[in-house]
Amino acid sequence: MKKKFLATLTATAMLVSMLAGCSSGASETETPTQITEKTEQQTVGENAGAAVEENTDIEVSGEAKKLDVGVVIWSVDDGGLGFSVKKQLEHVGEILNVNFIFKGGSVDAESQIKDVENLIAAGVDGILLCPMVDTTIDKFTSMCDAAGVKLSLMFRSVMDEDVRNIVLASESFVGDVCEAEEDAGADLVDALVEAGAQNLALMYCEPGNSVTDRRQAGINARIEELGINVVSTYTMPAGTLSAGFTEGANSILTTYPECDGFLLSFGSDGGIDAVIQLVLSKNLLGKVHVASFDTVQDTKTAFENEILVAETCGSQADALFAFMMLYNELQGTPLSDKPIELLSNYVYVKNTEQAAKYDEYWSYENYQLYSEEEIKNMAKVYNSDLTLEKFKEIVAAYGYEDVLNRLGL
Amino acid sequence: MNENKNTMEVKSIKMKEFRHNEMIQKLLPFLGLIIVVTIFSVITKGQAIALSNITIVLVQSCIYMVAAMGVTFTISQGNMDMSLGGIIVASCMAAGILGESSPWVILPICIIVSIICELIVAVIHIYLNIPTIIGSFIVMYLARGIASTIMLNRSANIVLPNALKTLDHNYFYCFIAMMAIIVSYILSEYTQLGKINRAIGANQSAVETSGVPMNKYKILAFIYSGITLGIASFMMFIRSVGVTAKTGMGFETNTILILVIGGISLTGGSNVRVIKAVIGCLLFAFLDNALILVGVNSTEVGLIKGIIFLAAVAVGFDRKSMTHIV
Amino acid sequence: MNKSLEIIKRGVIALIIPTVLYLLLYIAAPSAIGWGSLGELLRQSIAAAILSWGMVFGLKIGIWNFSVGANVMFAAIIGGNISLRLGVGLLPTIIIIAMTGTVVGLISGSLFIILRIPSVILTIGMMIILESATAVAFGGGGVTMLNDILTLSLFPNDVIVGIILYIIAFALMYRISLGYNIRAVGSNIAAAKLNGIGIDKTRILCLTVTGFFCGCYAFMAIAKGGVITPRVNMDSLTLTFDALIGGFIAIALERQINLIMGVFIGSFSIQLIKSCIIAFNMPSVFQQAIIAIFLLIIMALTTKSPFMDTLRQRMKQLISRKQIRSN
Amino acid sequence: MKDEKEVIVSVKGMNKTFVSTRAVVDMHLEIRQGEVRGLIGENGSGKSTLSSMIAGSLNPDSGEMWFLGKIYSPKSSVEGQNAGIAMMIQEAGTINGLSVAENIFMGNHGEVSTAGFVSKRKMINQSRKILELIGATEVMPEKIIDEYSFEDRKLIEIAKALHGNPEMLILDETTTALSQRGRDIIYKIIEKMKTERKAVLFISHDLEELRKVCDSVTIMRDGEYVSTLKGKDIRIDTMRQLMVGRELKEHYYRTDQKAQYGDEVVLSVENVSLDSRLQEVSLELHKGEILGIGGLTNCGMHDLGKVIYGLTKPDSGEVRAGKKRKLIKHAYDATACNMGYIPKDREKEGLMTTSSVSDNIVIMSYEKLKRKMLISRKSERGLVNEQVKKLRIKLASINQAVVYLSGGNKQKVVIGKWTANDAQIILMDCPTRGIDIGAKSAIYDLMEEFKKEGRSMIMISEELSELIGMADRVIIMKDGRISATLMRDEGLEEQKLIKSMI
């Protein structure tokens, strides 16, 4: 009878879990007011208040359609870039009354194709995508053409020539935004060299992630150019905890005592912090320097002890721009009738106070890169005299100083 | 004497529950499919069972379907294979690189590479008497490692030759999947391969003691699984146009989920049936699709899958074959 | 006299693996060899050993636990965040995190008893659930702790923690009846039952102990970097494997040296392997593969199998032939 | 009548039924203080079941037990021990890999631990004392138990059992495996318990031993109480008479009393040796012969069976079978020469219990059924039904899982596996182990049919009566050697066999 009970219990468990899945989904597909409620819980008080205002006067203006947008990204829970992109977009979505469906965790082309298919089937108006492989992009566009769904790429430009031509030809393709990842990598190398590092240890992540791949390419190119000695190139196995970085870095330092600089192509999952901790605990201050993509948590100590020389971050804005292009297109007020290809800037943080400010204004809790006004100004619906040039200016202007100036600091 | 009686005692108690449990096992997958489909078609106001959506689900399930067909044979011996994803990336990459010269070698190469990998797993298991789960992890890591190094040392990414792009069509996937199902069904229901593999899963030592050349059938099963996996990687290659180091990531987990959701007990035995795997694939693909239709975010999807996994196992697994398992 | 000799002999055998690896490392990078670096490696091994200590209890009772990695993530992220919300001090934080791990262990233990499914399947299921749970919890942001927990990674604190946990593990395994029961159940369930050992109880407790050590590893992991982020797609197996190997080496050396010390030697060997990979400038994408192969070798040596049997016979024959020739 | 106080254990109307075997039927028993009670009966007559129920490791279906005047219904062997009834089982109760001391204190570390911490030193000292108590002084408590022989381990178990100082000790065929030394130790223990006015329930096949040791002997047959002999009446011939039950003999076993078989040798074993278990064993099996192999449980006969069927590889010597005298290196060589093997442990090695009857029966016959690669359901069903009819297997449907079947029918399924691919040489290892009387005779009938059909059989059995009853020749083994070969004839007595067994 134990088994009977068990059977029923588990059966119910299945049902409950499914229903749970559904209900949480259902609540998202409900009326706009409910959406704001939902998002309120996710964001901190002040924004929520603002959000409600916005909604009310949306109802008044009534111009802007409510939109469903699917986001296909490598991950929304990596605690780093993917995560902050999600937060950033949710923040914007709440202002512009857009409901996002995030599909993370698809790291290979096939499952991305699945996601796009499913999102189209789910009847989204537009898709924001960070493609894994160049060569699948034309497939995406053709799928979107068929379904009349708009597509916009983030963190990525189309490299492959003939694919590019096909993509640019398709009418569903809105445009793409990407950082100068390569340049950023090169800049970091330079920063380390300035600090006097001559024997670098490179800590890379497994290939296959389009963003980091390009960063690493940039770094390698620059290093060859300058002819700097690389003691070891250490590729972190997927799933390494920050502790893993410590082990790796430590082993490098023990095997190559001459190593005097670490360069991480990704640090969002505690990597940099681990390495910095290690340098601290081994008391190699001034001897070993660290430069990295993504943000360090404890920037203060890192900079004060002259361990960290530079970090490159703020790229969540990239997704924002890509989305705005898509948004304008979907509201029937396209910025341009041709696909737009933009380059967005990195934010460089090179000392303590910069870091402090960055933490304050870029942090997940309260995105203030752009105030609600400014965000609306990027949407023709609210700001009719917006042109492609103006938008390009905004994008080009984005950077450390820019944000602070606009915030009047 | 005493112990033997004890075990008999246990059996006598189990008898009552047995019928009940067996019935659930038989019906669960079908019920599951029906329940899930109905629930979601209600929530999505019929959107989920719109013809267009059904086709999407079918096509999406094809690749897993083909792979799962082979895996059914290895799992029916109670041998868990965690190397699938690794093997796929390995064979796709090999095929892609060699296929640049002539696209017609791609399919053969996919199949050959997969068979070799699967054989490694089988040999480790049979001759070193080490659980396949360990052997397959080794193969998986090796394959991924090789794939990564190749990608690291390669400027251009590996692309599908245009000659094969024409194959990228719904009918193609469905046709291959159908073939795979038919062949596997015949093999598992009307030949020794299937029957004896199930027997091995049910009670290995009995099969051995009877004097069946067990290792032969084990190896055959792995070879067949290699063939289907090779075809699956071929489809994967065509569908995803290019290959990256991450191709086929998480394929093994999903396959195991599929089998379990289909009501197959991972310790093998008589309840492993091809048809269950098919249902599992459909259910899985449908779940993936429907959860997006209702707008559930990806992370929750993972959680739901996990719970369903344990739930399905708890109901589907027959505990009488628990004796020889740690 | 004789006894001491015996002990020395055992010690030597136990240290073979690490010594060989150490020599390898020496060949690769002579500069890396020295008391300082040795100390470093030993210190690094502590954390790894903690997880393996948890694992070895499971292995001893015959449970393959693939969920330890996921359990660590879970304990670190959930426990860490909870203690952050509560804003408690160092000691409570540690306790909370450790307890989170323990509770997870207890849960999987109970599930193992209730569901009566093979441990491998159960733990894989648990892994999937825990991984996605960590991704869902707290918006998927993981945990960031920059308080004085970081001091745990500094010398000598980490060593102290290591020693304390060593003592705990040793006591659990050899000084209280649980340890005796675990070993009894592990080697012969039927007889253990006849002698009145509660199989289920022992199993649950065993998994709980594993959970506890997962929790302990979790706070040591946080201490090293201050940040832990979620992992999905079975990525947590990276951790699990290191732990498994440690456990297997320990069991292989059981006759020579007690399990807990054996685990430490095992973890130390893994550290050496990792260093070797770096020293030889091997592409570290193979790290997992190499470690896995190492595991394979250890298992092949410890498990009875047709191939190894024939191999041993061959060796015997060769040796005997040599002797004949020499005579 | 003595008054109730003196009764230690009294069993009233106990019943126990397994899947379909009636192991114990309406059993009554009273054991008094200072009494040494013998309990005899053929294998499967319910001795072990009864004693396990008294010890608590099995629970009765009905009936009640009284212990020291109080009603007593143990749920587990532990409760039995705590109450004061300790039982020694046939199989090894010790655990390898642990030290002797750890084994002795397994399950209860109470007295050797302080504040929850177990002290090794205490444990070892205590164990040394305990072992000295029974005079097993040469056993070193700190040593790993693997280093000791089966006999020593038994003694260690006894020491463990006595340590709880029980009111009653049950010895289930403990002595069979022991040498004289071990036996003497046990006899001493029994004496000691007697003087302490405690009780012993003593199960053994060795009637002579029983006569020496016991005050009274209870005889069981087919789970039923036959009678109890006291003091002078305990005579070997009476005991055997009551055990076997003459009236059965007629229609129970083979009727013909003459050995008869063709002279064509179908299987030959040439001086096979296997580490310590088999020494230079040679034998020949003729066409249509039933060759019985008997001996004590660990005399090596079961290993011999495995070697003949190619399951274990002998260190030296060889097994040849069939007309072509094919050398058998592996089990599938054996099947190739039309051999079949019925293992001792049916559940573990004989059957896929979760699979259907049909799957179990056809498993060895696929080659036969194959029509251009494919096996049709129809042909399969045909073959199975054929066997079911031939072997008179009682079942609901051939698709039902084997677990449902009774022991006898399970065994028939195993046999059916071999009749299906008509094996000519069938090795039977304890073919009637743990199945009830009716099924037994059914299986004997089958064996006779097979003999008539000209099949040859090797019957390895621990039941002397069935060896005598069925075999044309009986080979008795002792310590891995053949100690006697006896032809079938009227005068073949169990005593003869027992002599060459011990």
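**Group meeting: a four-chain predicted model**

D:Met87 is buried, as 27 other C-beta atoms lie within 10 Å of its own. I open with this residue and shall work outward from it. Please bear in mind throughout that the model is predicted.

Where does D:Met87 sit? Its place is in strand β6 of chain D, which covers residues 85-88. If we leave aside residues up to four places away in sequence, D:Met87 touches D:Ser51, D:Ala55, D:Ser77, D:Ile170 and D:Asp172. One of these partners, D:Ile170, deserves a second look: 83 residues separate D:Met87 from D:Ile170 in sequence, yet their C-alpha atoms are 4.4 Å apart in space.

Let me turn to the contacts between chains. There are five pairs of chains that touch, and the pair with the most contacts is chains A and B. Chain A and chain D, by contrast, are joined by no contact, and their closest C-alpha atoms lie 17 Å apart.

Chain D does meet chain C. In that interface, 14 residues of chain C are in contact with 17 residues of chain D. On the side of chain C that touches chain D, helices α8 (177-187) and α9 (189-194) of chain C each supply at least two residues. Which element gives the most to that side? It is α8(C), with five residues. By character, the residues on this side of chain C divide into seven nonpolar, five polar and two charged.

A few words on chain C as a whole. Its secondary structure comes to 14 helices and two strands. The radius of gyration of chain C is 21 Å, and the globule rule gives 20 Å for 327 residues; the two values are close, so chain C is as compact as a globular protein of that length. Along the principal axes, the C-alpha atoms of chain C fill a box of roughly 75 × 60 × 40 Å. Of the 327 residues in chain C, 59% are buried. Among contacts in chain C with a separation of 6 or more, 81% are between residues 24 or more positions apart.

I now come to chain A and its sheet. Six strands form an open sheet in chain A, in the order β7-β6-β8-β9-β10-β12, and the pairing is mixed. Which strands lie at the edges? They are β7 and β12 (347-349) of chain A, each of which pairs on one side only. On average, neighbouring strands of this sheet are turned by 15° against each other, direction ignored. Within the sheet, β6(A) and β8(A) pair in the parallel sense over four bridges. A:Ala201 stands opposite A:Phe262, a residue of β8(A).

Helix α9(A) packs on this sheet, where it touches β6, β7, β8 and β9 of chain A, and its direction makes about 165° with that of β6(A). Does the length of this helix agree or disagree with expectation? At 1.5 Å a residue, the 17 residues of α9(A), numbered 210-226, should span 24 Å; the end C-alpha atoms are 25 Å apart, which agrees.

The buried residues of α9(A) include A:Val211, A:Ile219 and A:Ile223, and also the charged-side-chain names A:Asp213, A:Arg214 and A:Arg215. What covers the buried residues of α9(A) includes helix α8 (181-194) and strands β6 (199-205), β7 (229-236), β8 (261-264) and β9 (289-293) of chain A. Just after α9(A), A:Gly227 takes a positive phi of about 65°.

How values were computed. Residues are numbered from 1 along each chain as its sequence is written. Chains are lettered from A and ligands numbered from 1 in the order in which they are written. This is a predicted model: local features need pLDDT of at least 70, side-chain atom pairs count only at pLDDT 80 or more; totals for chains, interfaces and linings use all residues. The expected span of a helix is 1.5 Å times one less than its number of residues. A residue is buried if 20 or more other C-beta atoms lie within 10 Å of its own, exposed if 12 or fewer, and partly exposed in between; C-beta atoms are placed from the backbone. Two residues are in contact if their C-beta atoms, placed from the backbone, lie within 7 Å. Two strands pair if DSSP finds at least two bridges between them. Axes are lines fitted to C-alpha atoms, for helices over the stretch in contact, and angles run from 0 to 180 degrees between N-to-C directions. The radius of gyration is taken over C-alpha atoms; the globule rule is 2.2 Å times the number of residues to the power 0.38.
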